[in-house]
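Subject: Structure handover

Hello,

Here is the structure I said I would pass on. Please look it over before reading the notes underneath.

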Amino acid sequence: MNTNTVDQPIAPSADRRPPRILVVDDERSMRELLAIVLRREGYEVLLAENGRSAVDLLEREPVDLLISDIKMPDLSGVDVLRAAKKIDQDILGIMITAFASTETAVEAMRLGACDYLSKPFDVDLLKMKVREKIENRQLRQENVLLKRTLGLAHQFSNIIGRSEAMLDVFKMIETVARTNSTILLTGESGTGKGLVAQAIHFNSLRREKPMVALNCGALPETLLESELFGHMRGSFTGADTNKKGLLEVAERGTIFLDEIGEMSAVMQVKLLRVLQERRFRRVGGLEELQADIRVIAATNQDLTRLIAEGRFREDLYYRINVIPLTLPPLRERREDIPLLADHFLAKYSEQMGKQIAGVTHDAIDLLVAHDWPGNIRELENVIERAVALESTPAILADSLPPNIRGDAPRVAVGSTEALPESGFDLEAHVKEIERGYIAEALKRAGGVQVKAADLLGMSFRSFRYYVKKYNLR
């Protein structure tokens with residue numbers, strides 16, 4: 001065996017933990033030799049003297065590459081590789097043996113071994129093959145990250161507006177982007193909190209790393225925990241392999257937690273620990289992992305009211321509310337509506353292959369006069385609809401929905417009954433109104449809570465809370 005080394009040892013990247021290699025061989029001298037060679041190359045090396053020890057290690061520790069002797073007393077290298085693939089289907093394997101046979105080579109390759117070496121082997125050849133496999137695995141992981149972040153519109157210019165309110169938002173983004181502080185974005189639904197989160201990330205020092213988003217109101221607690229922290233194989237029914245959570249995926253990058261007010265009490269405690277200690281464990285795991293991430297949280301709810309109601313932790317609120325940034329509703333920046341309308345017109349005209357030059361003055365006047373309870377998202381939907389229906393070179397007022405044209409009945413805002421001379425219990429009155437609307441929405445939606453929540457412009461979790469509160473099941 002040629003043990004000369006010609007490559008310079010590689011320093012592990014500061015951006016990630018060193019790649020972890022598991023060496024399995026029943027010969028102590030071979031284990032020790034491989035450990036010395038690979039550690040000099042900057043890899044973290046775990047050793048196992050037999051197949052069963054290797055499988056036990058694989059179930060406890062994440063491993064990037066498996067190097068195993070094929071012929072061992074208890075389990076063969078092929079058996080170890082088969083078990084490893086059940087734990088982590090992306091693990092790479094190099095099989096080594098002094099008893100080369102076509103059958104074992106074919107079986108190992110079928111299971112996903114990426115290479116096969118016969119003893120005695122050249123150490124430089126082994127190092128080259130290990131380097132290739134590790135780089136291949138890292139490239140695949142980076143492709144996964146790229147797919148998660150593709151489609152994020154990260155140009156600052158994608159946030160449209162030149163009103164005073166939006167200029168203040170732009171200045172705030174520029175000020176806070178280059179810090180690592182946690183940010184809490186507040187504002188009504190549809191005001192563009194996701195776009196602002198992206199702008200902060202892509203103007204930050206972490207912009208070369210991934211940004212991942214998680215809607216805290218879209219998943220039940222158990223799935224939310226697995227999505228955020230990851231899980232180990234066998235930690236719950238259906239956990240067939242080890243899985244990285246978004247905290248690991250977003251390493252040295254940014255995680256955007258949307259609708260954080262919908263997070264359960266148990267998950268709030270776990271998130272608080274991450275923010276305090278910057279450490280976490282996968283579901284079912286024992287290893288403490290570092291969380292080098294920047295957190296941007298967002299909500300359309302009044303968190304101080306949720307704290308008063310006992311639905312949100314006060315200590316978590318102060319952890320996420322380091323830098324608060326409130327986005328104005330569209331009705332408070334009406335001068336931006338024509339700009340936004342032109343932006344969405346260009347977007348959907350191109351998508352639908354239509355030649356529509358602009359929006360008529362009458363249509364613009366109607367758009368500017370509307371109160372936009374759904375904010376930018378509602379305006380985008382209105383323009384998309386208008387482009388689809390329009391048959392002339394410009395968007396006409398007739399192509400706008402009836403509620404924009406004023407043809408549909410509107411719910412009176414601010415109308416109140418006369419206050420009795422003796423006063424009355426406002427809180428009880430509000431609760432009765434709430435209960436009535438929740439019950440009516442359930443009735444109209446045929447008991448389907450998701451549809452009923454949509455009718456009231458609420459998230460499913462908020463609606464479910466009120467159904468339970470008023471005992472309307």
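What follows is a short account of the overall fold, the salt bridges and one surface patch.

Please keep in mind that this is a predicted model.

Overall picture

The protein has 473 residues, and 45% of them count as buried. Its secondary structure comprises 19 helices and 16 strands. Of the contacts between residues at least 6 apart in sequence, 70% join residues at least 24 apart. The exposed area comes to about 24,700 Å², with 51% of it supplied by carbon and sulfur atoms.

Salt bridges

Side chains of opposite charge can pair when their charged atoms come close. A search of the whole structure gives 26 salt bridges. Three of these pairs, and one network, are described here.

In one pair, the side chains of arginine 131 and glutamate 41 meet at 3.1 Å, N to O. Arginine 131 sits in helix H5 (residues 123–149), while glutamate 41 is in the loop between helix H1 (28–40) and strand S2 (44–48), so the salt bridge ties together parts that are 90 residues apart in sequence. Glutamate 41 has a relative accessible area of 4% and is therefore buried. Arginine 131, at 22% relative accessibility, counts as partly exposed.

Another pair links lysine 347 with glutamate 380, where the closest N and O atoms are 2.8 Å apart. Lysine 347 belongs to helix H13 (residues 337–352) and glutamate 380 to helix H15 (residues 375–389), so this pair ties together parts that are 33 residues apart in sequence. Lysine 347 is partly exposed, its relative accessible area being 34%. Glutamate 380 has 18% relative accessibility and counts as buried, because the cut-off for buried is under 20%.

There is also a network: Arg273, Glu277, Arg279, Arg281 and Glu288 are joined by salt bridges that share partners.

The side chains of aspartate 315 and arginine 313 form a further salt bridge, at 2.8 Å from N to O. Aspartate 315 is partly exposed at 32% relative accessibility. Arginine 313 is partly exposed too, with a relative accessible area of 32%.

Surface patch

Which residues make the nonpolar surface patch of about 270 Å²? They are Phe424, Leu426 and Val430. Leucine 426 is located in helix H17, which covers residues 426–444. With a relative accessibility of 53%, leucine 426 counts as exposed, since the cut-off for exposed is over 50%.

Regards

How values were computed: Residues are numbered from 1 along each chain as its sequence is written. This is a predicted model: local features need pLDDT of at least 70, side-chain atom pairs count only at pLDDT 80 or more; totals for chains, interfaces and linings use all residues. Side-chain values use heavy atoms; hydrogens and water are left out. Patches are made of residues with over 30% relative accessible area and no salt bridge: like charges are joined within 9 Å, nonpolar side chains (Val, Leu, Ile, Met, Phe, Trp, Tyr) within 5 Å. Accessible areas come from the Shrake-Rupley method with a 1.4 Å probe; for residues, only the protein chains shown count as cover. A salt bridge is a side-chain nitrogen of Lys or Arg within 4 Å of a carboxyl oxygen of Asp or Glu. Helices (H or I, at least four residues) and strands (E, at least two) are DSSP runs, numbered from the N terminus. Buried means under 20% relative accessible area, exposed over 50%, partly exposed in between (1.4 Å probe, protein chains only). Contact means heavy atoms within 4.5 Å.
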